[in-house]
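Trainee: I have a model open and would like to learn how to read its features. Could you walk me through them?

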Amino acid sequence: MKAPVHLEAERPAALFRTPHSALRTPAIPTVDQVMVEERATAFTKRSIKTSAKLAGLKIVVSMMDLTTLEGKDTPGKVAYLCRKALQPADPKYGVPHCAAVCIYPNMVKYARKFLGENSHVRVASVATAFPSGQYPLRTKLDEVRRAVADGADEIDMVINRCAFLSGDSAKMFDEIAATKEACGPAHLKVILETGELVTYDNVRLASEIAMQAGANFIKTSTGKVSPAATIPVTLVMLEAIRDYFFDTGIRIGMKPAGGIRNAKQALHYLVMVKETLGDDWLTPDLFRFGASTLVNDVLMQIAKTVDGNYQGPDYFSLP
Amino acid sequence: MKTKSTALKFVRRVSPAKLQNGHPVVPLRERRLVFGDRWDYAPAPEESKNYVIPPRHELFIGGKFLKPHSGKHFDSINPATEDKITEIALGDAEDVNIAVKAARRAYEKVWSKMPGRERGKYLYRIARIIQEKMRELAVLESMDGGKPIKETRDVDLPLVAAHFFYHGGWADKLNYAFPGRNLQPLGVAGQIIPWNFPLLMAAWKIAPAIACGNTVVIKPSKTTSLTLLRLAQIFQEAELPEGVVNVVTGVGETGTAIVQHPDVNKIAFTGSTEVGKQLAQMVVGTGKRITLELGGKAANIIFEDAPIDQAIEGIIAGIYFNMGHVCCAGSRLLVQESIFPKVVHKLRDRIQTLRIGNPLDKNTDIGAINNKPQLEKIRELVQSGVDEGAELVQPRCTLPERGYWYPPTFLTGVTASHRVAQEEIFGPVLAVMTFRTPEEAVERANNTPYGLSAGVWTDKGSKIFKIVNKLRAGVVWANTFNKFDPTSPFGGYKESGFGREGGVQGLAAYCRLG
């Protein structure tokens, strides 16, 4: 393979490394707050009924990263989560398995054990001093390596917001690139924590940096900061993914996380993906939902659509 | 631990590709977005069965529905299906005369003597009833005019109510609108409105007129009379005094009869520049006041420092809103040459996601073309663009077999000398042109006989202020497009007409200022 050498030379990564070459940075598009929020609202006006609702909700389940990220997590709790991810509902509903379970590094080995080596449900671990990221890089990389060694298929890292907000984009870039290297075969999701970046322009710039530094997915939030995922913030990131795809030919995935609690909201996100990036992104390979309580609301709606009546929450197993 | 091969299998959708930093790379020529049916929306029609449309509609004169003098009616067609919806009375000069007399009587005996605070109560009452019946009116508007329910429900009707509320607020405060001036109503206002926003245009005309103490004889367009007649029922329900608003349906001659009637004091017309010029000639020397809101060929200017993805939305809102049947539509796109390929690429993708079809479906973005002659005009103008060398871009889509339809379209390779860059198309057709410098953008934007509206897209605030002050257009939007509000005056320069509607300025069109 001789191509990579050439590609490395082209890699836009260098643009963030030195102030001198920063002069030649292709302009990162700005974002207009009013219009992006207006467009985001338009997605929520789509009316998703009957067959479209059922099909959409099943896609939502298949894209779900079932999440537990608490200090009180135990192997027992992770077992609940893993089983729920493998079989979210009664087989008569034809609901697919979830995409992944998302857990703390210490829980990875248990999840691997409960899911088995060749599970369709993937093990995603948060890492790099989640959720704050305020630890030395060496510690963070060590954490990533251990999680991967324990069997994590995917690593959800947090960006160095300290570096980003103090203007040191290069440092943020280098940390992501180093984490990507530490991941080895595992996929890397980069959490921007958009609730701390606040402006859409920041979100757009952070997305670009994360993608150029090697992210497989970009992700909105840790779920520990409010606001977490919102439709306009996700739209800004999808637009960044779209431009990056046309520029490089690389399809980056998207994961909104936190704050998506009901089936209707989830369908709004699906509408947004369909109308922004098209069919190719309507797959768990390229779109995920990070959520803990969403799953049973979606299942409740699926059961209602199939059976014609609502069931109480006790008819759906807790994750 | 997973093996590397498993990790690669996970991104199986991407076929033979080079890897960069572990990512598969799609070759340049295969980089495209697919807006297909991997997950499609099911039909979601708005409920319409519950709204019964009477088979025949009469004139609304003196607070009552009266048969036309001629006894003649004409068919009203649903442009999405070509089915007949109802019959509408054909008013003639005699009917207009009766209506003007009723309006004069109401003006002299009741309306001009009524204190402003009492007039305001009627406007508020009308606004509230409109809000209550919003869904019904939206459905009727969509059936009658082909407009998507999404727009009638979320744009037209809320604005209709807002105009009555806003002008209701002015009715008892008119002395504060023009401090130091003595303000008197004009008398009977003759109003002629177009088919693109039937109810909204009626609200724009009626609300300020009656708020200021005038009475009204109004004629809707031949193709869209239904909702104005439903509004007349609302006037009855609100117990608006008889004759304050009279609706005479009909054709062009009916409108001419209103304009030529000697006892009409003021003419307000929204429609084509051609008709507007004729009406202006008719009132010369009669002492009648006239305001005209006519055609447009607005420039939507996209600078290279614009927020591009949002500008694309602004382009879409500018030209495909209401199938482009908008006098202030951003029908000339002026793109800075440096970003031209990018904008065209994004626009091409974006129009593929627009949904065309049943106007009553809640997911429809583009409804039916309002009437057949208009559809033919759009086809003829687009053909002229192609004949003159422009490149046609349309989405892949199937249009319904019955009804009047035209897909969202844009033309590239257009120059200022193309017909499609000069003439108002009044359809979902955008002419895309380029410019190099801000000076050239202004020059090209102003290079039209029209001057109704314009749009500017840049992230640089100082540039916005510099440009908007040089644009000869009545309304200029910055980083947005097609935004309307009753507080904001609307109207044009040059062949787009004169006079303003909305805001304090709009009141001046219905008052004599002493």
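Mentor: Gladly. Let us start with what a contact is: two residues are in contact if their C-beta atoms, placed from the backbone, lie within 7 Å. Keep in mind too that this is a predicted model.

Trainee: How many residues does the contact take from chain A and from chain B?

Mentor: With that cut-off, chain A gives 46 residues and chain B gives 40 residues. On the side of chain A that touches chain B, helix 1 (3–10), helix 3 (33–44), helix 4 (50–62), helix 7 (137–149), helix 12 and helix 13 (263–276) of chain A each supply at least two residues. Helix 4 of chain A has the largest share, six residues.

Trainee: What classes of residue make up the side of chain A that touches chain B?

Mentor: There are 21 nonpolar, twelve polar and 13 charged residues on that side of chain A.

Trainee: Now the sheet in chain A. What is the order of its strands?

Mentor: Reading a sheet starts with who pairs with whom: two strands pair if DSSP finds at least two bridges between them. Here eight strands form an open sheet in the order 7-6-5-4-3-2-1-8 (chain A), and the pairing is parallel. Strand 7 (253–255) and strand 8 (289–291) of chain A are at the edges with a single partner strand each, so each has one side without a neighbour in the sheet. On average, and ignoring direction, neighbouring strands of this sheet are turned by 25° against each other.

Trainee: Over how many bridges do strand 6 and strand 7 of chain A pair?

Mentor: Strand 6 (residues 217–219) of chain A pairs with strand 7 of chain A over three bridges, in the parallel sense. Look for A:Ile218, which stands opposite A:Met254 in strand 7 of chain A.

Trainee: Which strands does helix 9 of chain A lie across?

Mentor: Helix 9 (residues 169–183) of chain A lies across strand 4 (154–158) and strand 5 (187–191) of chain A, and runs at about 150° to strand 5 of chain A.

Trainee: Next, the nonpolar cores. Which residues touch the most other members of the largest one?

Mentor: Those are A:Met64, A:Val101, A:Ala111 and A:Ala210, in a core of 110 residues. Helix 12 (residues 231–248) of chain A provides the largest share of this core, ten residues. For a single example, take A:Val101: leaving out residues up to four places away in sequence, its contacts include A:Leu66, A:Leu81, A:Ala111 and A:Val123. Apart from the largest core lies another, of 83 residues, including B:Leu228, B:Phe235, B:Ala257 and B:Tyr510.

Trainee: And chain B: what does its domain assignment give?

Mentor: The assignment for chain B gives domain 1 (59–67 + 93–294 + 495–513) and domain 2 (299–490). Their C-alpha centres lie 29 Å apart, and the contact takes 26 residues from domain 1 of chain B and 26 residues from domain 2 of chain B. On the domain 1 side, helix 4 (134–145), helix 5 (149–170) and helix 17 (503–508) of chain B give two or more residues. Helix 5 of chain B gives the most, with seven residues.

Trainee: One last feature, the hairpin. Which residue there takes a positive phi?

Mentor: Strand 6 (residues 73–78) and strand 7 (residues 83–89) of chain B run antiparallel and are joined by six bridges. B:Asn78 has B:Asp83 as its bridge partner in strand 7 of chain B. Four residues lie between the strands of this hairpin, and B:Glu82 takes a positive phi near 65°.

Methods: Residues are numbered from 1 along each chain as its sequence is written. Chains are lettered from A and ligands numbered from 1 in the order in which they are written. This is a predicted model: local features need pLDDT of at least 70, side-chain atom pairs count only at pLDDT 80 or more; totals for chains, interfaces and linings use all residues. Domain bounds come from an automatic or database domain assignment. Axes are lines fitted to C-alpha atoms, for helices over the stretch in contact, and angles run from 0 to 180 degrees between N-to-C directions. A nonpolar core is a set of buried Ala, Val, Leu, Ile, Met, Phe, Trp, Tyr and Cys residues joined through C-beta atoms within 7 Å. A residue is buried if 20 or more other C-beta atoms lie within 10 Å of its own, exposed if 12 or fewer, and partly exposed in between; C-beta atoms are placed from the backbone. Ala, Val, Leu, Ile, Met, Phe, Trp, Tyr, Cys and Pro count as nonpolar, Asp, Glu, Lys and Arg as charged, and the others, Gly among them, as polar.
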